[in-house]
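Student: Could you take one part of this structure and go through it closely? I would like to see how its pieces connect.

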Amino acid sequence: MAVMEIIRMGHPTLRQTAEPWPVDKLGTPEFEKLIADMRDTMYAAGGIGLAAPQVDVPYRIAVVEIPESGTRYGDVPPLPFAVYINPTITVLGESPAGYWEGCLSVPGMMGYVERPQHIRVDYLDENGEAKSLEAKGFAATVFQHEFDHLLGMLYVDRIRDMSLFVYEDEYRLFHAEVNANEI
Ligand code: ZN
């Protein structure tokens with residue numbers, strides 16, 4: 001097990017556009033180690049997603065797992081662990097909804113962000129197989145948050161009302177019960 005350092009907002013790698021992961025490097029020891037380390041790092045940090053740029057690896061790879069329960073986002077539908085390589089998003093339904101988001105690269109903060117709530121994700125899995133899935137609701141938000149990292153974007157860029165960019169403690173004190181879409 002190897003837990004990597006998660007870089008924080010201000011580190012230039014988080015603002016770079018990530019490179020596609022070379023298909024001929026799938027399955028290499030370097031690739032397998034990176035995936036295993038990203039998984040360990042996400043678990044150790046208690047996150048539900050981690051993008052490679054967050055561990056200073058500027059490639060288009062992300063891992064996501066929404067556990068059955070016990071996330072800091074409350075009770076949300078689970079999503080099993082999976083690796084998303086060179087993913088693209090197609091918006092299937094605009095109808096945006098807002099969620100309170102946090103980010104391991106912006107520790108201690110939460111922000112209210114509206115995003116489209118019905119998307120398709122096309123990607124390669126860790127075996128190089130082309131896959132496609134549809135996501136709605138919170139899962140759609142998680143994918144958009146993680147894949148924004150591959151474009152050099154952070155959720156803070158998408159906060160429209162900066163009065164809804166708050167510390168986690170104040171979120172719990174003043175905002176958690178107030179907004180109907182909060183999860
Ligand atoms: Zn993030």
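Tutor: Start with a single bridge: G98 has E114, a residue of β5, as its bridge partner. Before going further, note that this is a predicted model, in which local features need pLDDT of at least 70 and side-chain atom pairs count only at pLDDT 80 or more, while totals for chains, interfaces and linings use all residues. Residues are numbered from 1 along each chain as its sequence is written, and side-chain values use heavy atoms, with hydrogens and water left out.

The strands β4 and β5 pair in the antiparallel sense, over 5 bridges. Two strands count as paired if DSSP finds at least two bridges between them. Strands (E, at least two residues) and helices (H or I, at least four) are DSSP runs, numbered from the N terminus. β5 is also joined to β8 (residues 165–167) by 3 bridges, and these two strands run antiparallel. There, M109 stands opposite Y167 of β8. Of the 7 residues of β5, 6 are buried, so the strand is largely enclosed by the rest of the structure. Buried means under 20% relative accessible area, exposed means over 50%, and partly exposed lies in between, using a 1.4 Å probe and protein chains only.

Now turn to the zinc ion. C103 (SG), H145 (NE2) and H149 (NE2) coordinate the zinc ion at 2.1 to 2.2 Å. C103 lies in the loop between β4 (97–101) and β5 (109–115), whereas H145 sits in helix α2 (residues 137–149); the two are 42 residues apart, and this pair links distant parts of the chain. Along the chain, the donors of the zinc ion follow the spacing C-x41-H-x3-H. Donors are N, O and S atoms within 2.8 Å of the metal (3.2 Å for Na, K and Ca); water is not among the atoms, so sites may look incomplete. C103 is buried, at a relative accessible area of 4%, and H145 is buried too, at 7%.

Helix α2 also holds D148. D148 counts as buried, with 6% relative accessibility. Leaving aside residues up to four places away in sequence, D148 touches R115, M153 and R158; contact means heavy atoms within 4.5 Å.

To draw this together, the loop between β4 and β5 supplies C103, and helix α2 supplies H145, and both residues coordinate the zinc ion.
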